[in-house]
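User: I'm new to this and I'd like to learn where the labels come from. Can we go through them together?

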Amino acid sequence: MATSAEWHEDYDKMSEEALNFSRAVKSVQEELEAVDWYNQRAQATRDDQLRRILEHNRDEEIEHAMMGLEYLRRINPVFDKHMRTYLFTKDDITEIEEKED
Ligand SMILES: [Fe+2]
């Protein structure tokens, strides 16, 4: 059963697609938050062994976040459009946006 912390709208009013979209967005959020936390801990520790573990864990979370983003790209055409516009480019990012407008 869904809790209010998980869903901002009535669970029963959302389609399966909307629920899966929300699940994927939340998962990416959580993965990126974990990336930041592991990175902060790796930067802060003076223990080299622990730093290597934390960096490894951070990099695993980056992989997980990218898997979630790819899922979102596949199910949502707006994600797909913007990822095709911005990712793997070399031009100034704001200039790319200006060209798009
Ligand atoms: Fe993860």
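**How the labels are earned**

Analyst: Let's start with Glu31: its relative accessibility is 19%, so Glu31 counts as buried. Buried means under 20% relative accessible area, exposed means over 50%, and partly exposed is in between (1.4 Å probe, protein chains only). Keep in mind that this is a predicted model, where local features need pLDDT of at least 70 and side-chain atom pairs count only at pLDDT 80 or more, while totals for chains, interfaces and linings use all residues. Residues are numbered from 1 along each chain as its sequence is written, and side-chain values use heavy atoms, with hydrogens and water left out.

User: Why is His64 called partly exposed?

Analyst: His64 has a relative accessible area of 32%. Partly exposed is the class between the buried and exposed cut-offs, so that's the label for His64.

User: What makes a residue a donor of the iron ion, and which residues are they?

Analyst: Donors are N, O and S atoms within 2.8 Å of the metal (3.2 Å for Na, K and Ca); water is not among the atoms, so sites may look incomplete. Glu31 (OE), Glu61 (OE) and His64 (ND1) coordinate the iron ion at 1.8 to 2.1 Å, so they fit the definition. Their spacing in sequence is E-x29-E-x2-H. Glu31 sits in helix H1 (residues 16-44) and His64 in helix H2, so this pair ties together parts 33 residues apart in sequence.

User: How do you know that the length of H2 fits a helix?

Analyst: Helices are DSSP runs (H or I, at least four residues), numbered from the N terminus. The expected span is 1.5 Å times one less than the number of residues. For the 28 residues of H2 that gives 40 Å, and the end C-alpha atoms are 41 Å apart, which agrees.

User: What does H2 pack against?

Analyst: The buried residues of H2 pack against H1 and H3, where contact means heavy atoms within 4.5 Å. Glu61 is one of those buried residues, and Glu61 also coordinates the iron ion.

User: Why is Phe88 called exposed, and what stands out about its phi?

Analyst: Phe88 has 84% relative accessibility, so Phe88 counts as exposed. Phe88 lies in the loop between H3 and H4. Its phi is positive, about 65°, although Phe88 is not a glycine. Most residues other than glycine have a negative phi.

Technical notes: Helices (H or I, at least four residues) and strands (E, at least two) are DSSP runs, numbered from the N terminus.
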